[in-house]
Structures are given as C-alpha cells and as structure tokens.
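Here are some short exercises to help you find your way around a structure that is new to you. Try each task yourself before reading the solution.

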Amino acid sequence: MDITRLTRTYRSARRLQQIINVFLRYGFGQIIDQIHLGRYIPFKKRLKAFGVWPALKGPSVPERLRMAFADLGPTFIKLAQVLSSRPDLITTQFADEFKKLQDEVPPFPVLEVKKTIEEDIKLPLDRIFKYFDDLPIAAASIAQVHRAELLDGSDVVVKVQRPNIREQIESDINILTTIARLLDKYVPESRFFNPTGIVEEFSKTVRKEMDFVEEARNCCRFRKNFEHNLDVYIPKIYAEFVTERVIVMEMVEGVRIDNITAIDEMGLDRKRLAKTGVDAYFKQTLEDGFFHADPHPGNIFVMPTGMIAFLDFGIVGRISDELKETMADTFLALIHRDFDRLIDNYVELGIVPEHIDIDAFRKDFKADLRDLLEPLYGLTLQEINFAQYLDTITHLAIKHNLKIPSDLLLINKAMLILENIGLQLDPNFDFIAAAEPYASRIIRKRISPSRLYDKARKNVMEIGDFAFLFPRQVKQIIKKALKDDIQIKMFHVNLPEFIKDMDRSSNRIAFALIVSAMLISSAIMHATKVPPIIFGISLFGISAFGFAFLLGIWLIISIIRSGRL
C-alpha cells in the first residue's frame with residue numbers, strides 16, 4: 001500500500017471536513033446537503049438538523065461567506081481577492097465584501113522567513129545581507145515582504161513564500177475543484193457563475209504566483225520593454241538571489257498611486273500621471289502583447305521623480321497578434337455601429353460554443369448589443385464610462401453562454417482598475433481618447449503592404465497544404481469504407497448522469513424490498529412462535545423487526561436529505 005498516497009488522502013479528508021464545518025458554522029448547511037457532502041457532517045449535527053438547516057439571522061450571505069473564507073486561511077483569502085475584481089460574475093454585493101479581505105492576512109514569524117532564505121539560497125543570512133528588517137512591510141496570502149540591504153549597499157526588498165503554502169494550496173485546489181463540480185451538477189442555478197471555470201482560472205493564477213522564478217523572468221521582460229521609457233520604472237531583479245520561494249529586487253521609493261494627498265505634497269502633476277499610467281498599460285497590451293494583469297493601486301507606485309513604477313509581476317497576460325487585430329476590429333466596429341462585424345469578431349475569437357445555433361445567436365445577441373450600445377452614440381467621449389461598458393459586454397457574453405478567453409478577462413479586469421485609478425488622479429480623464437492612438441496604429445499596421453503580403457503568403461501555403469492532403473485523406477476514407485473499417489463514436493451528453501440516477505433509484509428499491517422482506521419474515525416468525533420465545537414473543541422475530549425498523553428509518557432519512565422526496 002502506498003503510505004504517502006494514503007496520508008495525502010487522509011489529510012485531504014481532514015481538510016474537507018474542516019472546510020465543511022466552517023461553512024456549517026456560517027449557515028451553509030443546506031448547500032452542503034444539496035451537493036451530497038453530508039457524510040462529512042458530524043453525526044450529532046446531522047441528527048439534530050434531520051435534513052433541515054435553518055437560515056442564520058444577522059449577517060447577510062455575502063458577509064457570512066467572507067467570514068468563512070477568512071477563517072479558512074490563505075487559499076480561500078486569495079480566492080476572495082481574485083473574485084473581488086469580478087463583480088460581473090459574482091455580483092457587486094459579494095465583490096464588495098471580498099474586497100475587505102485584501103489586507104487581513106497576518107504575517108508569519110521572521111524565523112521562518114530567515115530559514116526559508118538560507119535553505120533556498122544556501123548561504124547564511126549575514127553573507128547575503130548587511131541589514132535585514134525583521135518587521136515585514138507587507139503580508140499577503142502567499143508571501144510577505146521585508147526590507148533589506150545587500151552587502152554592496154543596495155537597498156532591496158525580499159519577498160518570501162509562506163511555509164508549506166504550496167502543499168496547502170494544492171490540497172485546497174483539489175477540494176475546491178470537487179466542490180465546484182458538485183455545485184455544477186446538483187445546484188443548477190450556480191452554473192451562471194461557472195464555479196468550475198472560476199476554480200480552473202484561480203488554480204492557474206495562484207500556481208503562477210507561487211513560482212518566483214517565473215515572476216523574476218516577467219519582471220526582466222517588463223524592464224526590457226520599458227528600458228527606453230523615461231516615465232515608467234521597472235525595478236531590477238538580483239538573479240543570484242532568486243529561487244522558487246524567494247525573490248530579491250530593487251527597493252522602489254515612492255507612494256501608492258491612489259495616495260492623492262502624498263502625490264499633491266510631492267508637487268506632481270496628477271493629469272500627467274494618469275496619462276503616463278494608462279499609456280504604459282496600452283503599450284503593454286496593444287504593442288508588446290505582454291501586460292501586467294494585476295495593476296491594483298498597491299502594485300503601482302509614484303516615485304518622487306514623477307516616474308511610475310510597476311511592482312509584483314506574478315500575474316501577467318499575453319496577447320497574440322491575431323487577438324490584437326481582433327481588438328482593433330472590434331474598436332472600428334463600435335465606432336461604425338457595425339454590429340454584424342462585432343458578432344463576427346466574437347465568432348473568430350472562438351468564444352461562441354459549437355452547439356449554439358449561429359443564426360439564432362446572431363439575432364438575439366445583435367438585439368442585446370443594440371440595446372446596450374445605441375444610447376452611447378449620442379454621448380461625447382468624456383461621457384462614456386468605458387470600463388463600465390467593458391464590464392457590461394462581459395456580462396452580456398456570460399448571459400449568452402460564451403466562452404470568454406482568460407486573457408480577455410484579465411484585460412477587462414485591468415482596464416476597470418486603471419480607469420478607476422485614472423479618474424482618481426484626473427476626474428476629467430478620457431479613457432477612450434488614450435486608447436485611440438494605439439488602436440489606430442494597429443489598424444494601420446494591419447493594412448500595411450508587408451502585413452497583407454504575409455497574410456496572402458500564409459493563405460496560399462494553407463491552400464497548397466489542403467490541395468496536397470485532401471486527395472490522400474479521401475483515398476484513406478474510401479479504403480476504410482471498402483474494408484468496413486469506419487467507426488462512428490457517439491456520446492450522449494446526459495447519459496452518465498441518467499445512469500447514476502437509475503443506479504441510485506434501483507439501489508433504493510432493492511433496499512426497500514429487503515426491509516419489506518425482513519418485516520414480513522418478522523411477522524411470520526412471530527405468528528408461528530419460532531423459538532426462542534421470551535414473554536410470548538419470538539426473539540428472532542423481534543430482532544428482525546428492530547433491524548428492519550432501523551434500516552427503514554435510515555432509508556427515509558437518506559431520501560429526505562437528498563431533497564427528492
């Protein structure tokens with residue numbers, strides 16, 4: 001027997017029971033029963049509830065969920081932080097509550113910090129740093145940050161991962177994946193929020209964030225992209241002190257970009273800062289195709305020199321040339337009210353599911369787009385809330401069951417954050433005007449002779465490949481047909497679930513028949529006075545009756561708890 005696997009399974013079961021107990025404490029027992037995880041509920045609580053879980057008075061559902069996430073530790077706090085930027089998916093009430101968890105992570109002991117550094121870099125602390133501050137300047141769900149000074153006198157910050165955070169997060173992700181699938185299966189109304197997709201995206205995001213080597217590479221790439229930009233600063237990475245759990249980078253002196261009072265005290269031009277920050281982001285998305293996907297105010301600093309510094313490169317997004325062109329096409333279609341072209345762009349992006357009736361989709365989606373966009377055309381650029389428009393478009397796509405690429409979601413999230421930052425710095429900030437030069441540049445590049453030549457050459461090569469391969473493929477099909485070797489694979493979408501329900505129903509019927517047979521046997525033994533007899537009652541008869549009675553009660557409770565009485 002694999003002891004390691006058994007231990008891991010045991011720990012996962014213990015953790016799942018802990019998660020369920022926390023959710024029970026905050027009044028989510030009904031959902032736990034609904035997704036068939038009731039066997040992990042302690043017997044006393046199950047007996048007391050008997051399948052009915054009263055709603056708690058006092059805090060609202062979003063507040064109780066936020067408190068439950070806070071009790072469950074770093075993984076759930078990180079999940080709340082990710083979801084807090086997605087009000088289009090989880091509603092504004094939940095997003096606002098989850099935002100309160102951004103800064104509620106206690107630091108871990110400095111002895112653990114120093115131990116991790118020495119283990120990973122394989123040097124004593126005094127051979128790395130001249131000075132190391134024991135008090136962290138920031139503590140997050142995955143890591144915390146300390147000030148330090150290298151032996152050469154360089155001021156740096158040291159980011160160190162929490163102890164055993166990888167094992168804990170991986171275990172929690174497995175449990176969250178299971179819960180998401182159960183929600184999708186047994187709670188149909190949860191499908192609107194796409195719990196499985198949320199967990200998948202979260203797992204990708206958090207795994208990337210836990211790899212500090214990858215974060216260091218991202219930082220170096222940003223530094224290269226902005227090396228000639230005099231308005232944007234990217235801190236230096238000290239590669240010799242970078243591991244999967246430790247990263248050492250240059251200390252950036254400055255204030256958060258949302259600290260308006262401190263910016264005014266430094267005498268900096270807020271309008272210029274707003275333009276610089278947004279220009280830097282559009283350069284990342286529409287020119288470099290490599291962008292900072294978590295530009296919240298804590299990751300953007302304003303330096304005393306007036307430069308803007310980007311920090312924390314754990315979450316990044318990538319945009320292909322095709323996606324950049326499609327974004328430019330979308331921008332043109334919006335300007336010219338070309339809704340058909342706008343829908344074509346969605347189809348080209350591959351976000352329309354294959355099983356959808358395209359004609360019916362075009363009709364319904366076009367009507368929704370008209371209702372959304374027509375009122376905007378009478379407004380000036382300053383009157384259009386561009387970020388709110390993007391948010392509505394995303395919500396509209398979810399309404400029509402479209403598969404939105406994760407990079408588009410990251411862009412949407414970043415634009416919402418950036419527009420909010422821009423408006424704080426400059427209330428008259430014009431987001432679309434800032435984007436227009438970059439979109440126009442892409443459009444001009446798209447119709448340039450070199451670009452057209454590249455596209456024509458690619459199309460000719462694809463036609464050539466098709467002309468070469470098609471006869472061979474037809475020949476193979478004919479050969480298989482002549483040999484009766486053609487196989488057709490069919491899959492019924494709901495057949496596995498139907499089979500499971502049939503199995504469950506047949507098992508209950510068999511169980512009920514066994515109970516009935518035992519009751520009848522008990523009656524026959526009692527009537528025929530099967531010995532031994534005690535007080536005129538057959539001992540075997542009364543025993544069979546008691547056992548059948550208990551099994552019958554068990555069957556009734558299981559049916560009530562399933563919610564399908």
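The exercises below go from the whole protein to single helices, strands and residues.

This is a predicted model, in which local features need pLDDT of at least 70 and side-chain atom pairs count only at pLDDT 80 or more, while totals for chains, interfaces and linings use all residues. Residues are numbered from 1 along each chain as its sequence is written, and side-chain values use heavy atoms, with hydrogens and water left out.

**Exercise 1: the whole protein**

Find how many helices and strands there are in the protein, and what percentage of its residues count as buried.

Step 1. Helices (DSSP runs of H or I, at least four residues) and strands (E, at least two) are numbered from the N terminus. The protein has 21 helices and 13 strands.

Step 2. Buried means under 20% relative accessible area, exposed over 50%, and partly exposed in between (1.4 Å probe, protein chains only). Of the 565 residues, 42% count as buried.

Step 3. The exposed surface comes to about 32,300 Å², and 59% of it is supplied by carbon and sulfur atoms. These areas come from the Shrake-Rupley method with a 1.4 Å probe; for residues, only the protein chains shown count as cover.

**Exercise 2: the faces of a helix**

Work out where the buried residues of helix H10 fall when seen down its axis.

Step 1. H10 covers residues 212–225, and its 14 residues reach 20 Å from the first C-alpha to the last, close to the 20 Å expected at 1.5 Å a residue. The expected span is 1.5 Å times one less than the number of residues.

Step 2. List the buried residues of H10: Phe 212, Glu 215, Ala 216, Asn 218, Cys 219 and Phe 222.

Step 3. Seen down the axis of H10, these buried residues fall within an arc of 160 degrees, so they line one face of the helix. The arc is that of the directions from the helix axis to the C-beta atoms. As a reminder, an α-helix has 3.6 residues a turn, so residues three or four places apart point the same way.

Step 4. Turn to the face of H10 that points away from its buried side: here you meet the exposed residues Arg 217 and Lys 224.

**Exercise 3: an enclosed strand**

Explain why strand E6 is largely enclosed by the rest of the structure.

Step 1. E6 spans residues 246–250, and 4 of its 5 residues are buried, so the strand is largely enclosed.

Step 2. Look for its partner: strand E4 (residues 155–161) runs antiparallel to E6 and is joined to it by 5 bridges. Two strands pair if DSSP finds at least two bridges between them. In one of these bridges, Val 160 has Val 246 as its partner.

**Exercise 4: two buried residues**

Find which residues Lys 78 and Ser 538 are in contact with, beyond four places in sequence.

Step 1. Lys 78 sits in helix H5 (residues 74–83) and is buried, with a relative accessible area of 10%. Contact means heavy atoms within 4.5 Å; the partners of Lys 78 are Ser 141, Ile 142, Phe 202, Val 206 and Glu 209.

Step 2. Ser 538 belongs to strand E13 (residues 537–538) and is buried at 0% relative accessibility. Ser 538 touches Met 525, His 526, Val 530, Pro 532 and Ile 533. The side chain of Ser 538 also reaches the backbone oxygen of Val 530 at 2.8 Å.

Note on methods. A polar contact is a pair of N or O atoms within 3.5 Å; within protein, one must be able to donate a hydrogen and the other to accept it, and residues adjacent in sequence count only if both atoms are side-chain atoms.
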